[in-house]
Amino acid sequence: MAARAAAARLGGFGTSIFTEITALAVKHGAANLGQGFPDFAAPAFIKEAAARHIDEDRNQYAPSAGVPRLRAALAAGWQRRYGQVVDPGSEVTVACGATELLLDAMLGLVDPGDEVIVFEPTYDAYVPDIQMAGGVARPVALRLPGWRWDSAELAAAFTPRTRAVIINTPHNPTGKVFSVAELEELARLCIAHDVTVISDEVYSELIFDGARHVPIATLPGMRERTITIDSMGKTFSVTGWKVGWAIAPPPLTDAVRATHQFVTFTNSAPFQEALADALTAPFTRSETDNYYHQLRAAYGARRAQLTAILESIGLPPLPMAGAYFLLSDVSRLGFASDLDFCRFLTAEVGVAAIPISPFYSSAAQASSPARAPMLARFCFAKREETIVLAGERLRKWRNFRSPLPSAEEG
Ligand code: PMP
Ligand code: GLN
């Protein structure tokens, strides 16, 4: 008899859509607008800092909670931005990217049978994290236009078993930046039902068009019930370094640290040191003309470049205000699914994109196609040349398959 291979709790995980599409992109030499990672150089200051720390032999285990000067810099940064005092000793934890902290939080909070509310479309790791902790995901739909939840549906999702809510703002894949009014509505429910919030804010620095990023932890009554998770991957264009952090009050920090110590214990010491340098450098601390302003300006230009391309091929992107993805409706191109379309685009056109359906739980897709609109996600964290190449290929394809989407295709 063959040995049993995997635990039941891994049921239905499959392979991440990012792994699949990136492998297909590499195989076909596609311009990769799929997986969300910058294909341009990371800033010299942070690379030089990491090289220096390796050279100076900061190469052994960092403390499990994170390098103290990094935790101090993160706490000071939070206070500067949001006016809340955070204790680096008991309220900040550094780990292997936001990905690990999401799992740490879930394992640290959720008992078997507990329910966790997620908003759909939902980042691909959340539901597996809940499942690995033995919890049950309760999806609440965000619907177009505006990717709003229905207030009655949200209120009804809270039950006596609800342990936590995961919110992501700015939101992957929609680019939605949740408004203060929306966050207040969610906060009222969480306080009324004594529910913990896990707030994934990895795109906190990538906001456009005057939108304002508001951490839910800064609303009245929320600091004591929120774990805020962020990462240096997007902000410093180093997704491969995997340094993330969680800010939470001591009882919630204890839960995160308790799991973190046995999941990875600690992550790369020199990269933690380099992030501490970056966060304390004058150009990340001044209010004007600083690194973050330049980052947003550069991303604004990339967004405009890709928007123009998508508009020119009849796939205008939906409005967005944060993160680095554009979503286009691909329902009128004759494909059976968004996955089929993205596989075709990657392999045959030479432009990789991510389908949105993996951001929905399968039950929701099956029961209500209106809930999972047929959209493709294009990432604009890419060099100008990559976007230009993608544009050339997309235009060639659309001319070849003309006419452009029109009433008779719809
Ligand atoms: N949350 C969201 C919403 C993301 O998009 C990502 C990755 N792009 C992560 C978490 C993972 O972040 P990290 O690379 O720091 O693990
Ligand atoms: N967060 C990235 C994205 O949305 C992917 C990260 C990953 O591959 N897990 O594209």
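In which loop is I356 found? In this predicted model, I356 sits in the loop between β11 (354-355) and α14 (362-367). The residue is buried, because its relative accessible area is 0%, and buried here means under 20%. Although I356 and T174 are 182 residues apart along the chain, their C-alpha atoms are separated by 9.2 Å.

**Ligand 1**

Around ligand 1 there are 13 residues, of which T99, D200, Y203, S231 and K234 come nearest. The shell divides into five nonpolar, five polar and three charged residues, and helix α4 (residues 97-109) makes the greatest contribution to the shell, with three residues. Polar contacts to this ligand include one in which a side-chain N or O atom of T99 is 2.5 Å from a ligand oxygen atom, and another in which a polar side-chain atom of D200 lies 2.5 Å from a ligand nitrogen atom. K242 also takes part, with a polar side-chain atom 2.7 Å from an oxygen atom of ligand 1. Of the 390 Å² of accessible area that ligand 1 has on its own, the protein covers 93%.

**Ligand 2**

The surroundings of ligand 2 are formed by F18, Q35, G36, Y123, N172, F325 and R377, a shell made up of three nonpolar residues, three polar residues and one charged residue. Contacts from Y123, N172 and R377 to this ligand are listed in the table together with those of ligand 1.

| Side chain | Ligand and atom | Distance |
|---|---|---|
| T99 | ligand 1, oxygen | 2.5 Å |
| D200 | ligand 1, nitrogen | 2.5 Å |
| K242 | ligand 1, oxygen | 2.7 Å |
| Y123 | ligand 2, nitrogen | 3.0 Å |
| N172 | ligand 2, oxygen | 2.8 Å |
| R377 | ligand 2, oxygen | 2.6 Å |

Taken alone, ligand 2 exposes 300 Å², and the protein buries 78% of that area.

**Helix α1**

F18, which belongs to the shell of ligand 2, is also one of the buried residues of α1, a set that consists of I17, F18, I21, T22, L24 and A25. These residues lie on the same side of α1, because they cover an arc of only 160 degrees around the axis. On the other side of the helix, V26 and K27 are exposed. The length of α1 (residues 17-28) is as expected, because its twelve residues, at 1.5 Å a residue, should span 16 Å and its end C-alpha atoms are 16 Å apart.

**Backbone features in the loops**

N172, already noted for its contact with an oxygen atom of ligand 2, precedes a cis peptide bond to P173, with omega near 15 degrees. P173 itself is found in the loop between β5 (162-168) and α7 (180-192). A further cis peptide bond runs from L144 to P145, with omega near -5 degrees, and P145 has its place in the loop between β4 (136-141) and α6 (151-157).

The loop between α8 (232-235) and β8 (244-247) holds S237, and K242 is likewise found between α8 and β8. S237, a residue other than glycine, has a positive phi near 55 degrees, while K242, which is not a glycine either, has a positive phi of about 55 degrees. With regard to accessibility, S237 counts as buried because its relative value is 9%, whereas K242 counts as partly exposed because its relative value is 32%. K242 is thus a partly exposed loop residue that also places a polar side-chain atom 2.7 Å from an oxygen atom of ligand 1.

Definitions and conventions:
Residues are numbered from 1 along each chain as its sequence is written. Chains are lettered from A and ligands numbered from 1 in the order in which they are written. This is a predicted model: local features need pLDDT of at least 70, side-chain atom pairs count only at pLDDT 80 or more; totals for chains, interfaces and linings use all residues. Side-chain values use heavy atoms; hydrogens and water are left out. A residue is near a molecule or strand if one of its heavy atoms lies within 4 Å of it. A polar contact is a pair of N or O atoms within 3.5 Å; within protein, one must be able to donate a hydrogen and the other to accept it, and residues adjacent in sequence count only if both atoms are side-chain atoms. Accessible areas come from the Shrake-Rupley method with a 1.4 Å probe; for residues, only the protein chains shown count as cover. Ala, Val, Leu, Ile, Met, Phe, Trp, Tyr, Cys and Pro count as nonpolar, Asp, Glu, Lys and Arg as charged, and the others, Gly among them, as polar. Helices (H or I, at least four residues) and strands (E, at least two) are DSSP runs, numbered from the N terminus. The expected span of a helix is 1.5 Å times one less than its number of residues. Buried means under 20% relative accessible area, exposed over 50%, partly exposed in between (1.4 Å probe, protein chains only). The arc is that of the directions from the helix axis to the C-beta atoms.
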